[in-house]
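Got the viewer open? Let's take a walk through this one, one selection at a time.

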Amino acid sequence: MTDKLRVFSGIKPSGDPHLGNYLGAIRNWVADQERYENFFCVVDQHAITVPYDPEELRRNVRQLVAVLVACGIDTERSVLFVQSHVPEHTELAWLLTCNTPLGWLQRMTQFKDKSVGQGESVGTGLLTYPALMAADILLYQAAVVPVGDDQKQHVELARDIAGRFNSLYGETFVVPEPVIRGVGARVMGLDDPTRKMSKSVAGQFHAVGLLDEPKVIQKKFSRAVTDSQQEILFDDNRPGVTNLLTIHQVLSGLTKEELEARFVGKGYGDLKKELGALVAEALAPIQQRYAELTDDPQVLDRILVAGAEQASVVAGQTMERVRQSMGLR
Ligand code: AQP
């Protein structure tokens, strides 16, 4: 037993993990391992709500688990596991779906965005997956859920679902709090700084992968979209340069004023070159650990088995209570 607050964090294996995932999420998860009792989950069942390739999914799951460990997730201190390895997630998701009004799901902005143009052929899972996400969180009785601002609405839904369930069937779930990070909370695409950097967006120059080689990283930054102005300043009306400066700020730890002063009289080329080197340097130790870790596939197999066992203990206890509360036992 521990008196630390329990945290649930998920990441979707929908493609190669990128700098946005690292700066907006993984880096903070690593830093907070001492502060919280952590459950880190590779949410593979969220990655199947849109068309996908099974072979690629298998590869992405293993790659992502290895990247998380390489970034510093310590499996001695935190529980790291794959969602589908703990079947209670889908069991609870169904029970929660039956207790979630349709209107609550239909008003989720992500569903509205992602279903555009698909009409009635849109996968039902895209509509109901926030109930699965609620199950992920509630299964571990998490008090805190760190998320990007785009996921805040889903954590609020999980709160509503927990509250409704507790009032219908008696106190069963901890009602979770979303926590949004400050600087670096949102890294934008290098090819289009008005869109969030995403794993699933196509385009060679969109995202910086955590496993990209230094020269690829340099090349991607050299192609980053900026604007036709000269000064290098943080400016909400200039998303390209602001995105580059924000990435620099998170990695270098410099203040906005220090960064702006550093680039007075210099051009975008200087900023991009320096940033490319800074990012490559930050990713080098991660890539080194990743190479060591994946050298022997059995190491990863053992991590996956141990993680699922640890997660199952808590998930099993919650499910027993839920089944009792709902009259299923
Ligand atoms: N661009 C980003 N900037 C900052 N944080 C980000 N995160 C994702 N993209 C950025 C954060 O990473 C964590 C894991 O995210 P996820 O993989 O579960 O889901 P996502 O936000 O949908 O990530 P992607 O990369 O955009 O995937 P796709 O393309 O499949 O939708 C979360 O904490 C997220 O906020």
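Where does helix α1, residues 19-31, bend, and by about how many degrees? Select α1 and look at Ala-25: the helix bends there by about 40 degrees. One thing to bear in mind as we go is that this is a predicted model.

**Stop 1: along α1**

Keep α1 selected and colour its buried residues. They are Leu-19, Gly-20, Asn-21, Tyr-22, Leu-23, Ala-25, Ile-26, Asn-28 and Trp-29. So the residue at the bend, Ala-25, is on the buried list too.

**Stop 2: the ligand**

Now bring up the ligand and show what surrounds it. There are 20 residues around the ligand, and the ones that come nearest are Ser-14, Val-187, Lys-196, Lys-199 and Ser-200. Which helix gives the largest share of this shell? That's α1 again, with four residues. Strand β1, residues 6-11, is worth switching on as well, since β1 and α1 each supply at least two residues of the shell. Colour the shell by class and you'll get five nonpolar, nine polar and six charged residues.

Next, zoom in on some individual atoms:

- Gly-20: a polar backbone atom here is 3.1 Å from a nitrogen atom of the ligand.
- Ser-198: a polar side-chain atom lies 2.7 Å from an oxygen atom of the ligand.
- Ser-200: a polar side-chain atom lies 2.4 Å from an oxygen atom of the ligand.

Turn on a surface for the next one. On its own the ligand has 630 Å² of accessible area, and the protein covers 94% of that.

**Stop 3: the nonpolar core**

Hide the ligand and select Leu-68, Phe-221 and Val-279. These have the most contacts inside the largest nonpolar core, which has 53 residues. Which elements each supply at least two residues of this core? Show α1, β2 (37-42), α2 (54-71), β3 (79-82), α8 (214-222), α9 (239-252), α11 (268-295) and α12 (297-325). The largest share, ten residues, comes from α2.

**Stop 4: a few loops**

Start with the loop between α1 and β2, where you'll find Gln-33. Is Gln-33 buried or exposed? Its relative accessibility is 1%, so Gln-33 counts as buried. Show its side chain along with that of Ser-78: the two make a polar contact at 2.9 Å.

Hop over to Asp-212, in the loop between β5 (177-180) and α8. Asp-212 counts as buried because its relative accessibility is 16%, and the cut-off is under 20%. A polar atom of its side chain lies 2.8 Å from the backbone nitrogen of Gly-209.

Then pick Phe-173, in the loop between α7 (152-169) and β5. Phe-173 is buried, with a relative accessible area of 4%. Add Ala-142 and draw a line between the two C-alpha atoms: Phe-173 and Ala-142 are 31 residues apart along the chain, and those atoms are separated by 8.8 Å.

Last selection: Asp-236, in the loop between α8 and α9. Is Asp-236 buried or exposed? It's exposed, with a relative accessible area of 76%. Draw one more line, from the C-alpha atom of Asp-236 to that of Gly-269. The two residues are 33 apart along the chain, and the line spans 20 Å.

Methods. Residues numbered from 1 in each chain as written. Predicted model: local features only at pLDDT ≥ 70, side-chain atom pairs only at ≥ 80, totals over all residues. Heavy atoms only, no water. Bend = angle between axes of the 7 residues up to and from the residue. Buried < 20%, exposed > 50% of the residue type's maximum accessible area, 1.4 Å probe, protein only. Near = heavy atom within 4 Å. Polar contact = N/O pair within 3.5 Å; in protein donor to acceptor, adjacent residues only side chain to side chain. Areas by Shrake-Rupley, 256 points an atom, 1.4 Å probe, with all protein chains shown as cover. Nonpolar A, V, L, I, M, F, W, Y, C, P; charged D, E, K, R; others polar. Core = buried A, V, L, I, M, F, W, Y, C linked by side-chain atoms within 4.5 Å.
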